[in-house]
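Q: Please take a close look at one part of this model and explain how its helices pack.

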Amino acid sequence: MAERDALICLVINLAILVFFLRAVLSWFPLEPGGVMAKVNGALFTVTEPVLAPLRRAIPPAGRIDLSFLVLIFGLFLIARVFGC
């Protein structure tokens, strides 16, 4: 049971990191074809299937994408339940 909880905590923490990195990279202009643009593209590919449905349900507040905040908050809540 503890191994399963540790694995769940690891997955949640990695997801939080990936979504956080995507959010941070979205703040900076990236050189097309550069390494960071490729990293951003990979992060987009991994995160967009989760964020797209949230965006349809949660409209943006001006220039702020609230779907990120809701998702990160939800992941922190889930982590708290598992004692991460």
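The answer below describes the packing around one helix.

A: The model is predicted, and the part chosen here is helix α3, residues 66–81. Two packed helices are described by the angle between their axes and the distance between the axes.

Consider the pairing with helix α1 (residues 2–25). The axes of α1 and α3 lie 10 Å apart, and the two helices pack at an angle of about 160 degrees. An angle over 145 degrees counts as roughly antiparallel, and α1 and α3 are therefore roughly antiparallel to each other. Their crossing is left-handed. On the α1 side, the residues in contact are I12, A15, I16, F19, R22 and A23; on the α3 side, they are F68, L71, I72, L75, F76, I78 and A79. By class, this contact of α1 with α3 comprises 12 nonpolar residues, 1 charged residue and no polar residues.

The pairing of α3 with helix α2 (residues 35–57) may be read in the same manner. Here the axes come within 9 Å and cross at roughly 115 degrees, which makes α2 roughly perpendicular to α3. The crossing of α2 and α3 is right-handed. From α2, the contact involves V50, L51, L54 and R55, while α3 contributes S67, F68 and L71. These residues divide into 5 nonpolar, 1 polar and 1 charged.

The two lists may now be set side by side. F68 and L71 of α3 appear in the contact with α1 and also in the contact with α2.

Notes
Residues are numbered from 1 along each chain as its sequence is written. This is a predicted model: local features need pLDDT of at least 70, side-chain atom pairs count only at pLDDT 80 or more; totals for chains, interfaces and linings use all residues. Side-chain values use heavy atoms; hydrogens and water are left out. Axes are lines fitted to C-alpha atoms, for helices over the stretch in contact, and angles run from 0 to 180 degrees between N-to-C directions. Helices (H or I, at least four residues) and strands (E, at least two) are DSSP runs, numbered from the N terminus. Angles under 35 degrees count as roughly parallel, over 145 as roughly antiparallel, 65 to 115 as roughly perpendicular and the rest as oblique. A crossing is left-handed if the near helix is turned anticlockwise from the far one by less than a right angle, and right-handed if clockwise. Contact means heavy atoms within 4.5 Å. Ala, Val, Leu, Ile, Met, Phe, Trp, Tyr, Cys and Pro count as nonpolar, Asp, Glu, Lys and Arg as charged, and the others, Gly among them, as polar.
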